[in-house]
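Biologist: I've got this model open on my screen and would like to walk through it with you. Could you take my questions one at a time?

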Amino acid sequence: MATPAHAAVVTTAPRTPLVIRQVPTIAPINDEVLVRVEWTASTPLDLHQADGGLLVKHPQVLGGGVAGTVLETAEGAKRLKVGDKVFGFQWREQKEKGHQEKLTAPEWLFGKVSETILRQREGLFTTLLSKSR
């Protein structure tokens, strides 16, 4: 059976163009969760890793800050559940990095987005769309 995989943005050598590669989708263990990344942003660390090779073993997945949806939880994850909207900053291991379609990390690295914030966001988008006509 083939190992599940997903796309990730990686640096392959210092000062070279970034590429999209397939990387393994890691199933969560202990207190980890698997998250579908729906938003990510670059940080200065990404620049230093891509341009100067800082703390990098190539190929290196980039990205730290993310927002997304929990797809799967390990038995030890108690606070988050499948379907929760989350945000966080992950930086330690390839499987945690943000510039990929899915990431696996301990649940303590995530905050849960409240339903109130989600409703406010939906209201804001509705207002913006109605004003753009």
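Biologist: What volume does the largest pocket have?

Modeller: Keep in mind that this is a predicted model. In general, rolling a probe the size of a water molecule over the atoms shows where empty space is left. For the largest pocket here, the volume comes out at about 200 Å³.

Biologist: Which residues are closest to the centre of the largest pocket?

Modeller: The lining of the largest pocket has 16 residues. They divide into 8 nonpolar, 5 polar and 3 charged. The ones closest to the centre are Val23, Pro24, Val61, Gln94 and Lys95.

Biologist: Which strand gives the most to the lining of the largest pocket?

Modeller: Look at strand 1 (5-11), strand 2 (19-24) and strand 7 (102-106), as each supplies at least two residues of that lining. The top contributor gives 4 residues, and that's strand 2.

Biologist: Back to Lys95: which side chain does its side chain make a polar contact with?

Modeller: Lys95 sits in the loop between strand 6 (85-89) and strand 7. Leaving out residues up to four places away in sequence, Lys95 touches Ile26, Glu32, Gln100, Leu103 and Thr104. The polar contact between side chains, at 2.6 Å, is with Glu32.

Biologist: Leu103 turns up among those contacts, so to speak; which residue is its bridge partner?

Modeller: Leu103 belongs to strand 7. Strand 7 pairs with strand 3 (residues 32-41) in the antiparallel sense, over 5 bridges. Across that pairing, the partner of Leu103 is Val35.

Biologist: And which strands are at the edges of the sheet that holds strand 7?

Modeller: That open sheet has 5 strands with antiparallel pairing, in the order 7-3-5-6-8. Each edge strand pairs on one side only, and the two are strand 7 and strand 8 (110-112). Ignoring direction, neighbouring strands of this sheet are turned against each other by an average of 45°. So much for the angle; the edge strands you asked for are strand 7 and strand 8.

Biologist: Why do strand 2 and strand 4 each have one side without a neighbour in their sheet?

Modeller: These two belong to an open antiparallel sheet of 3 strands, ordered 2-1-4. Strand 2 and strand 4 (60-61) are at its edges, so each is left with a single partner strand.

Biologist: Which residue in strand 2 stands opposite Val10?

Modeller: Strand 1 and strand 2 run antiparallel and are joined by 6 bridges. Opposite Val10, in strand 2, you'll find Val19.

Definitions and conventions. Residues are numbered from 1 along each chain as its sequence is written. This is a predicted model: local features need pLDDT of at least 70, side-chain atom pairs count only at pLDDT 80 or more; totals for chains, interfaces and linings use all residues. Side-chain values use heavy atoms; hydrogens and water are left out. On a 1 Å grid over the protein atoms alone, a cavity is a set of points where a 1.4 Å probe fits but cannot get out, and a pocket is an open set with protein on both sides within 12 Å along at least five of seven lines; lining residues have an atom within 4 Å of a point. Grid points are joined across faces, edges and corners, and a volume is the space filled by probe spheres set on the points. Ala, Val, Leu, Ile, Met, Phe, Trp, Tyr, Cys and Pro count as nonpolar, Asp, Glu, Lys and Arg as charged, and the others, Gly among them, as polar. A polar contact is a pair of N or O atoms within 3.5 Å; within protein, one must be able to donate a hydrogen and the other to accept it, and residues adjacent in sequence count only if both atoms are side-chain atoms. Contact means heavy atoms within 4.5 Å. Two strands pair if DSSP finds at least two bridges between them. Axes are lines fitted to C-alpha atoms, for helices over the stretch in contact, and angles run from 0 to 180 degrees between N-to-C directions.
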